[in-house]
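The following exercises are to be worked with the sequence and the coordinates side by side. Each task is followed by a solution in steps.

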Amino acid sequence: MGIVVVEICDSNLMNTFDIEAIIETEYPEVAVLINDCLNFCGLCRLKPYALVNNRRIHGKTPEETLDKIRKVIEEELAFFNE
């Protein structure tokens with residue numbers, strides 16, 4: 001089985017809730033990494049975003065972004081489970 005990695009910038013709006021616990025509880029095969037910086041200068045202050053297997057996922061709110069992250073995780077897991 002493949003692995004999915006979700007990366008979050010420590011300064012990002014996604015840290016308004018415990019995304020690491022949420023994702024890793026729902027998807028045990030997914031690793032969530034909280035980094036000091038993901039080198040998308042300024043983006044973390046403008047909108048919530050994350051990298052899912054190096055794909056930038058963003059939304060207008062942290063909740064919308066989390067829903068999009070879940071969708072991409074499902075796509076990635078489906079790919080590895082084929």
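Two strands are taken as paired if DSSP finds at least two bridges between them. The model examined here is a predicted one.

**Exercise 1. Determine how many bridges join β3 to β4, and describe the hairpin that these strands form.**

Step 1. Between β3 and β4 there are 4 bridges, and the two strands run antiparallel.

Step 2. Individual positions can then be assigned. A50 stands opposite I57 of β4, and L51 has R56 of β4 as its bridge partner.

Step 3. The hairpin has 2 residues between its strands, and N53 adopts a positive phi near 50 degrees.

**Exercise 2. Establish the strand order of the open sheet and identify which strands stand at its edges.**

Step 1. β1 and β3 are joined by 2 bridges and run antiparallel. V6 has V52 of β3 as its bridge partner.

Step 2. The sheet is open, contains 4 strands in the order β2-β1-β3-β4, and shows mixed pairing.

Step 3. The edge strands are β2 and β4 (55-58); each has a single partner strand, so one side of each lacks a neighbour in the sheet.

Step 4. On average, neighbouring strands are turned by 25 degrees against each other, with direction ignored.

**Exercise 3. Decide whether the faces of β3 are covered or open.**

Step 1. In a regular strand, side chains alternate between the two faces of the sheet.

Step 2. The cut-off for a buried residue is under 20% relative accessible area. Y49 and L51 on one side of β3 are buried, as are A50 and V52 on the other.

Step 3. Both faces of β3 are therefore covered, given that these four residues are buried.

**Exercise 4. Characterise the packing of α1 and α3 on the sheet and on each other.**

Step 1. α1 lies across β1 and β2, at about 170 degrees to β2. α3 lies across β1, β2, β3 and β4, at about 145 degrees to β4.

Step 2. The axes of the two helices, α1 and α3, come within 12 Å and cross at roughly 30 degrees. This crossing of α1 and α3 is right-handed.

Step 3. I19, I22, I23 and E26 of α1 meet L66, I69, R70 and I73 of α3. By class, the residues of this contact are 6 nonpolar, no polar and 2 charged.

**Exercise 5. Identify which residues touch the most other members of the largest nonpolar core, and which elements supply the core.**

Step 1. The largest nonpolar core has 17 residues, of which V6, I23, V52, I69 and I73 touch the most other members.

Step 2. Two or more residues each are given by β1 (4-9), α1 (19-26), β2 (30-35), β3 (49-52) and α3 (62-81). The largest share, 5 residues, comes from α3.

Step 3. Beyond four places in sequence, I23 touches V30, V32, L66, I69 and I73.

Step 4. A separate second core of 5 residues includes C9, L38, L43 and L51.

**Exercise 6. Classify T65 and T16 as buried or exposed.**

Step 1. T65 lies in helix α3. Its relative accessibility is 0%, so T65 counts as buried.

Step 2. Apart from neighbours within four places in sequence, T65 contacts M14, P48, Y49, I57, H58 and G59.

Step 3. T16 lies in the loop between β1 and α1. Its relative accessibility is 56%, so T16 counts as exposed.

Methods:
Residues are numbered from 1 along each chain as its sequence is written. This is a predicted model: local features need pLDDT of at least 70, side-chain atom pairs count only at pLDDT 80 or more; totals for chains, interfaces and linings use all residues. Side-chain values use heavy atoms; hydrogens and water are left out. A nonpolar core is a set of buried Ala, Val, Leu, Ile, Met, Phe, Trp, Tyr and Cys residues joined through side-chain atoms within 4.5 Å. Buried means under 20% relative accessible area, exposed over 50%, partly exposed in between (1.4 Å probe, protein chains only). Contact means heavy atoms within 4.5 Å. Axes are lines fitted to C-alpha atoms, for helices over the stretch in contact, and angles run from 0 to 180 degrees between N-to-C directions. A crossing is left-handed if the near helix is turned anticlockwise from the far one by less than a right angle, and right-handed if clockwise. Ala, Val, Leu, Ile, Met, Phe, Trp, Tyr, Cys and Pro count as nonpolar, Asp, Glu, Lys and Arg as charged, and the others, Gly among them, as polar.
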